[in-house]
Amino acid sequence: MLIFFLIVLSLTPAAMIGIGLTWKKKPPKTINMAYGYRTGRSMKSKAAWDFAHQYIAKIWLYAGMLLELASIAALIVFRNHDLNTLGTIVIIITAVQVGGLCLPIV
């Protein structure tokens, strides 16, 4: 069950790292409504669009790595707890990860 929780906890940080690497190498070229870091400010001009993707790529890359390490550390610390407690801890950690994913948008 610990392996399952490790996989679950790795999904959000892996997505952040993957998007960060993708946008670092190949950010969206044009302002669009389908794909990209779409905020009101980033969509005002092509220069803002390019800067926003370069900046968010770094943030998500480093934040993803940090969240991955913190999640693994928390899982190691709490590995001896009963299954219900461990499940609750995994839910809390996942909520923190999703918050970390959404925070740069604000």
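**Close-ups of rings, a salt bridge and a nonpolar patch**

F4 is partly exposed in this predicted model, as its relative accessible area comes to 48%. The views below start from that residue and move on to other rings, a charged pair and a patch on the surface.

**View A. F4 and F5, a tilted ring pair.** Here the two ring centres sit 5.9 Å apart. The planes meet at 50°, and because tilted pairs are those between 30 and 60 degrees, this one gets that label. What about cover? F4 has a relative accessible area of 48% and so falls in the partly exposed class, whereas F5, with just 9%, is buried. Under 20% is what it takes to be called buried, so F5 qualifies.

**View B. F51 and Y55, a stacked ring pair.** This pair has its centres 5.7 Å apart, with 15° between the planes. Stacked means under 30 degrees, so the 15° of F51 and Y55 fits. Both residues belong to helix α2, and they are four residues apart, or about one turn of the helix. F51 has 52% relative accessibility and counts as exposed. Y55 has a relative accessible area of 48%, which makes it partly exposed. The cut-off for exposed is over 50%, so F51 makes it at 52%.

**View C. A cluster of four rings: W23, Y35, Y37 and W60.** Ring pairs are what link these residues together. Counted over the structure, there are five aromatic pairs.

**View D. K46 and D50, a salt bridge.** How many salt bridges does the count come to? Just one. The side chains of K46 and D50 meet with 2.9 Å from N to O. These two residues are both in helix α2, and since they are four residues apart, about one helical turn separates them. Neither end is hidden away: K46 is partly exposed at 40% relative accessibility, and D50 is partly exposed too, at 34%.

**View E. A nonpolar patch on the surface.** Which residues make the patch of about 540 Å²? They are I3, L6, I7, L11, I72 and I76. Two elements give two or more residues to it, namely α1 (2–25) and α2 (46–77). Helix α1 gives the most, with four residues. One of the patch residues, I7, is found in that helix, α1.

Key. Residues are numbered from 1 along each chain as its sequence is written. This is a predicted model: local features need pLDDT of at least 70, side-chain atom pairs count only at pLDDT 80 or more; totals for chains, interfaces and linings use all residues. Side-chain values use heavy atoms; hydrogens and water are left out. Patches are made of residues with over 30% relative accessible area and no salt bridge: like charges are joined within 9 Å, nonpolar side chains (Val, Leu, Ile, Met, Phe, Trp, Tyr) within 5 Å. Accessible areas come from the Shrake-Rupley method with a 1.4 Å probe; for residues, only the protein chains shown count as cover. A salt bridge is a side-chain nitrogen of Lys or Arg within 4 Å of a carboxyl oxygen of Asp or Glu. Rings of Phe, Tyr and Trp (its six-membered ring) pair if their centres lie within 6.5 Å; planes under 30 degrees apart count as stacked, over 60 as edge-to-face and the rest as tilted. Buried means under 20% relative accessible area, exposed over 50%, partly exposed in between (1.4 Å probe, protein chains only).
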